[in-house]
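Student: Could you take me through this model feature by feature, giving the general idea before the particular case?

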Amino acid sequence: MGRDDGGGGNSSYGRKKFKRSRAHFADRITADGRDGWPVEAGRYRLVVSRACPWASRALVSRRLLGLEDALSLAVTDPLQDDRSWRFALDPGGRDPVLGIRYLSEAYDRRETDYPGGVSVPAVVDVPSGKLVTNDYQQITLDFATEWTALHREGAPDLYPQERRDEIDALAADVFQDVNNGVYRAGFATDQEEYEAACTALFRRLELLAERLERQRYLVGDTITEADIRLFTTLVRFDAVYHGHFKCNRWKLTENRVLWAYVRDLYQTPGFGDTVDFDHIKRHYYLVHTGINPSGIVPLGPDLSGWTAPHHRAELGGRPFGDGTPPGPVRPGEEVPAPGRP
């Protein structure tokens, strides 16, 4: 997610035809360092916004795999401006490790006058201060497969070899209709465009609900990359997509299966403990001035239901497979529980 979404600055949201930009910086950090960026503990810094669903994938994956000590974390202010994501939450308004005020500075060190948008998640090389990658589709896959030497003991296999074709196919459908579909509906510039996106979104959600009626997780009997990618959209659904993006045929809380499924994940260590509803709501309602010019942030929805029993364990399944849950959240990375400021 970055300033290019919607075709320009914040005021352009809902006024220009929406097109999701491809990641311009697609270098990979790999075990063999074939792109010049070898996996190395302490070398890289993950930059995220807790508001952004694409960045939230990386947050969940990092927690589940236990990469906190190997890959440090920078969290931006949810109120990004047209100069890019900023480190206004840190003392002096600078990231304490990279020493920069705006993420765009790391982009500029990589490529001067880069014409595209500045997006998160981003992985920055600490020694040089240069951006390595903003490839949100690939980053978490590499965490699961290339960073294995740095995984915690008991880390789950989030991208099992024998299930990759199924995960990839499902993720492609979810990306088109759900992850990106909510944006295509929310940033639509005419009725036909909006209705097509909204119709496809709810049709896909209904198909996913049918699948999840019979099984606890999307692929196999354990949590995989497919669940992470769906979760980060569903957890934002009622808070921002239902109202702000007009995805309002029904609320997630009105769908018995999906509401239980997303609560199950939320209550699983590594998921809900990365979610900050305050950041989510303030970002969408305050930054997207093209579709919410008043800047009013709604009081709802009621968040107390996120910790209610879900009964999904009755379907079986082993959340972490042969592994174990992640440990406590690293000090300084805690987020408020639902309903608590």
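Student: Is Thr199 buried, partly exposed or exposed?

Tutor: Before the case itself, note that this is a predicted model, in which local features need pLDDT of at least 70, side-chain atom pairs count only at pLDDT 80 or more, and totals for chains, interfaces and linings use all residues. Residues are numbered from 1 along each chain as its sequence is written, and side-chain values use heavy atoms, with hydrogens and water left out. Buried means under 20% relative accessible area, exposed means over 50%, and partly exposed lies in between, with a 1.4 Å probe and protein chains only. Thr199 has a relative accessible area of 39%, so it is partly exposed. Thr199 sits in helix α6 (residues 191-214), where helices (H or I, at least four residues) and strands (E, at least two) are DSSP runs numbered from the N terminus.

Student: Which backbone oxygen does the side chain of Thr199 reach?

Tutor: The side chain of Thr199 reaches the backbone oxygen of Glu195, at 2.7 Å.

Student: How many helices and strands does the protein have, and what pattern do they follow along the sequence?

Tutor: The protein has 10 helices and 4 strands, and reading along the sequence gives β-α-β-α-β-β-α-α-α-α-α-α-α-α.

Student: What radius of gyration does the protein have, and what would a compact globule have?

Tutor: The radius of gyration is taken over C-alpha atoms, and the globule rule is 2.2 Å times the number of residues to the power 0.38. For 341 residues a compact globule would have a value near 20 Å, and the 19 Å of the protein agrees with that. Buried residues make up 56% of the 341 residues, and the C-alpha atoms fill a box of roughly 50 × 50 × 40 Å along the principal axes.

Student: Why is helix α9 described as largely enclosed by the rest of the structure?

Tutor: Helix α9 (residues 256-266) is described that way because 10 of its 11 residues are buried. Among the buried residues of α9 are Trp259, Tyr261, Arg263 and Asp264. The cover over the buried residues of α9 includes α6, α7 (225-234) and α10 (277-287). Helix α7 is likewise largely enclosed by the rest of the structure, because 10 of its 10 residues are buried; these include Glu225, Asp227, Arg229 and Phe231.

Student: How should I read empty space in the model, and how many cavities of 30 Å³ or more does the structure hold?

Tutor: Rolling a probe the size of a water molecule over the atoms shows where empty space is left. On a 1 Å grid over the protein atoms alone, a cavity is a set of points where a 1.4 Å probe fits but cannot get out, whereas a pocket is an open set with protein on both sides within 12 Å along at least five of seven lines, and lining residues have an atom within 4 Å of a point. The structure holds 2 cavities of 30 Å³ or more. The largest cavity has a volume of about 90 Å³, and helix α3 (residues 136-145) gives the most to its lining, with 4 residues. The second largest cavity holds about 40 Å³, and helix α1 (residues 53-65) gives the most to that lining, with 3 residues.

Student: Which residues lie nearest the centre of the largest pocket?

Tutor: Of the 20 residues that line the largest pocket, Arg50, Leu73, Val75, Gly332 and Glu333 lie nearest its centre. The largest pocket contains about 320 Å³ of space, and strand β2 (residues 72-75) supplies the largest share of its lining, 4 residues.

Student: Where should I look for unusual backbone geometry, and which residues have a positive phi although they are not glycines?

Tutor: Most residues other than glycine have a negative phi, and most peptide bonds are trans. Ser84 has a positive phi of about 110° and lies in the loop between β2 and α2, where its relative accessible area of 0% makes it buried. Lys246 has a positive phi of about 60° and is found in the loop between α8 (237-241) and α9, and at 41% relative accessibility Lys246 counts as partly exposed. As for peptide bonds, a cis bond joins Val120 and Pro121, with omega about 5°, and a cis bond also joins Gly300 and Pro301, with omega about 0°.

Conventions:
Points joined across faces, edges and corners; volume = space filled by probe spheres on them. Polar contact = N/O pair within 3.5 Å; in protein donor to acceptor, adjacent residues only side chain to side chain. Contact = heavy atoms within 4.5 Å.
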